[in-house]
Amino acid sequence: MFSIPSFYEVGSDSYDIAGMLGSPTNSENPNLSPRSMAEAKAVAASISHKEAERRRRKRINGHIATLKSILPNTIKTDKASLLGEAVRRVKELKKTAAEVAALDDAMFPSEIDEVKVSQCEITGLTQATLSCDDRPEIVVDMIQALKTAEAKVVRAEMSTVGGRTKSVVWVKLGGENDAGLGRLRRALKMVMDKSTLVASSGQVLPGNKRPRYYHL
């Protein structure tokens with residue numbers, strides 16, 4: 001009578017299980033007893049499981065190798081340390097992305113023209129915000145407006161999106177605060193009104209690019 005090795009006698013994945021099983025049903029292959037058929041199916045399932053496990057380990061090792069190549073300053077290369085460093089790095093990137101998004105929202109130009117001037121009692125600095133239509137000469141006009149208001153610039157930021165621009169400057173004002181705030185507001189409003197006038201008239205001013213650097 002034909003016999004089949006038991007589950008524990010199979011030593012390699014190359015064993016011809018398909019040949020042993022032969023036809024799908026036992027009646028078509030009378031050489032195999034029901035017990036032998038069951039053992040053959042168990043061996044086939046084991047081999048399939050081993051192959052799936054081998055492919056899974058191969059994928060994991062490939063991802064670990066990728067982490068080793070992209071993580072900066074990796075000292076420990078065991079899997080636990082690499083995964084821990086990856087988690088730390090992802091959290092760090094999420095925090096940075098949130099900070100950048102918050103900054104982008106703060107610097108996003110508004111859809112309406114506006115000038116805001118306020119003073120910080122703690123630092124003594126005045127923050128001025130201008131939102132209006134963009135144009136090549138607006139930075140030059142802002143510099144002149146700040147000089148007219150006798151405002152010394154400490155920090156300045158500018159963003160331009162879709163033909164709109166927003167500028168935020170922190171300045172020190174000379175003279176009395178109330179008078180200085182009024183001068184600064186009026187000077188920046190003139191810059192805003194000029195941008196509105198140019199946009200409404202469709203006037204094309206000389207030069208099609210804003211200079212890259214300005215010293216405020």
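Two speakers go through a predicted model and set its values against the definitions in use.

Biologist: What numbering and cut-offs apply to this predicted model?

Modeller: Residues are numbered from 1 along each chain as its sequence is written, and side-chain values use heavy atoms, with hydrogens and water left out. As the model is predicted, local features need pLDDT of at least 70 and side-chain atom pairs count only at pLDDT 80 or more, while totals for chains, interfaces and linings use all residues.

Biologist: How many helices and strands does the protein chain have, and what makes a run count as one?

Modeller: Helices are DSSP runs of H or I with at least four residues, strands are runs of E with at least two, and both are numbered from the N terminus. The protein chain has 5 helices and 4 strands, in the order α-α-α-β-β-α-β-β-α along the sequence.

Biologist: Why is C132 called buried?

Modeller: Buried means under 20% relative accessible area, exposed means over 50%, and partly exposed lies in between (1.4 Å probe, protein chains only). C132 has a relative accessible area of 0%, so C132 is buried. In the protein chain, 29% of the 216 residues are buried.

Biologist: Why is C120 put in another class, partly exposed?

Modeller: C120 has 32% relative accessibility, and therefore counts as partly exposed.

Biologist: How many disulfides are there, and what would make a pair count?

Modeller: A disulfide needs a pair of cysteine sulfur atoms within 2.5 Å. The structure has 0 disulfides.

Biologist: What is D113 called, buried or exposed or partly exposed, and why?

Modeller: The relative accessible area of D113 is 28%, so D113 is partly exposed. D113 sits in the loop between α3 (79-106) and β1 (114-119). Contact means heavy atoms within 4.5 Å; beyond its neighbours within four places in sequence, D113 contacts S131, C132, D133, R164, M192 and T196. From D113 to D133 the C-alpha to C-alpha distance is 7.7 Å, with their positions 20 residues apart in sequence.

Biologist: Why does R164, a residue of strand β4, count as buried?

Modeller: R164 counts as buried because its relative accessibility is 13%. Not counting residues up to four places away in sequence, R164 touches residues including P109, I112, D113, C132, D134 and S159.

Biologist: What makes a set of residues a nonpolar core, and which members touch the most others in the largest one?

Modeller: A nonpolar core is a set of buried Ala, Val, Leu, Ile, Met, Phe, Trp, Tyr and Cys residues joined through side-chain atoms within 4.5 Å. The largest has 22 residues, and M142, L146, V171 and L184 touch the most other members. At least two residues of this core come from each of β2 (126-133), α4, β3 (151-161), β4 (164-173) and α5 (177-201). Apart from it lies another core of 5 residues, I64 and L82 among them.

Biologist: Which residues of α4 are buried?

Modeller: In helix α4 (residues 138-148), I138, V139, D141, M142, I143, A145 and L146 are buried. Leaving out residues up to four places away in sequence, L146 touches A151, V153, V169, V171 and L184.

Biologist: Which helix gives the most to the lining of the second largest pocket, and by class what does the lining have?

Modeller: Helix α5 gives the most, with 6 residues. The lining has 5 nonpolar, 2 polar and 4 charged residues, where Ala, Val, Leu, Ile, Met, Phe, Trp, Tyr, Cys and Pro count as nonpolar, Asp, Glu, Lys and Arg as charged, and the others, Gly among them, as polar. A pocket is an open set of points on a 1 Å grid over the protein atoms alone where a 1.4 Å probe fits, with protein on both sides within 12 Å along at least five of seven lines, and lining residues have an atom within 4 Å of a point.
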